[in-house]
Amino acid sequence: MKCWKFVLVVAASVLAGGVAHADGSGDPAVASSDNGKYTDKDGNPTYKISSDGMVDWYTFSGFRRYHSDCHVCHGPNGEGSTYAPALANSLKTLSYTDFADVVTNGRKNVDAANDKVMPSFASNVNVMCYLDDIYVYLRARANDAIPGGRPPTHEDKPETAKQAEASCTGIK
C-alpha cells in the first residue's frame, strides 16, 4: 500500500508541474505552420525563434506594432510602467482569448486603491489588424525567448501577410 501512495504522490507532483507552466495559454512550442504563421497545439498564435536569434515575421511585426501603440503605457519591451502593467508578465497567466478581449474591449479597475483604465482598441486598425502579431511578440517576451529591444534579424514578410495587411487596413 505504501508503494501506491508513493506512486500517487509522484504522479501528482508531475501533473502539478505541468499545470504550473508559466505561459497562460499553454506550451508555446510550434505545433503547426501556415505560410510563416505559427500556432501551438491549442491553435493559439506563437513564435518561432531560430538558434541564431532570427525571429519569425509575425514576432518582428508584433515588436513594431507594440512599439507603435502599446509601449507608451506598458513600457519598453512589455516591462510595465507606473500606471500600466508589465504585459510580458501578464502573458504568463493571461490566455490568448483574454488578451484579445482586453485589447478589443478595454478594462477598468477603478476603486480606492486603483485607478487603472485600459482603453478599447477595437477601432484602431494599427492594433486590431496586428493583434496576433502583438500577442506573439509579448508571448516571446513572457517566455524569455527573445531579449528586450529590436530583434536583430527576422524572416522575410510572407506574401500571405502582405495580402492580409492590405485586406485589413485597406492600404495596398
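Reader: Which helices each supply at least two residues of the lining of the second largest pocket?

Author: The model is a predicted one. In it, the second largest pocket has a lining of 17 residues. At least two of these residues come from each of helix 2, helix 6 and helix 7 (159-169).

Reader: Which helix gives the most to that lining of the second largest pocket?

Author: Among the residues nearest the centre of the second largest pocket are Lys37, Tyr58 and Ala164. The greatest contribution to the lining, 4 residues, is made by helix 7.

Reader: How many residues of the lining of the second largest pocket are charged?

Author: Lys37 and Asp133 are among the residues closest to the centre of this pocket, and Lys and Asp count as charged. The lining as a whole holds 8 nonpolar and 3 polar residues, and the charged ones number 6.

Reader: What is the volume of the largest pocket?

Author: The second largest pocket has a volume of about 240 Å³. For the largest pocket, the space is about 590 Å³.

Reader: Which element gives the most to the lining of the largest pocket?

Author: Two or more lining residues come from each of helix 2 (57-74), helix 3 (87-90), helix 4 (96-105), strand 4 (107-110), strand 5 (115-118) and helix 6 (131-142). With 5 residues, the top contributor is helix 2.

Reader: How many residues of the lining of the largest pocket are nonpolar?

Author: The lining has 27 residues, and those nearest the centre include Pro85, Leu87, Val102 and Met118. Pro, Leu, Val and Met count as nonpolar. Across the lining, 4 residues are polar and 5 charged, while the nonpolar ones number 18.

Conventions: Residues are numbered from 1 along each chain as its sequence is written. This is a predicted model: local features need pLDDT of at least 70, side-chain atom pairs count only at pLDDT 80 or more; totals for chains, interfaces and linings use all residues. Side-chain values use heavy atoms; hydrogens and water are left out. On a 1 Å grid over the protein atoms alone, a cavity is a set of points where a 1.4 Å probe fits but cannot get out, and a pocket is an open set with protein on both sides within 12 Å along at least five of seven lines; lining residues have an atom within 4 Å of a point. Grid points are joined across faces, edges and corners, and a volume is the space filled by probe spheres set on the points.
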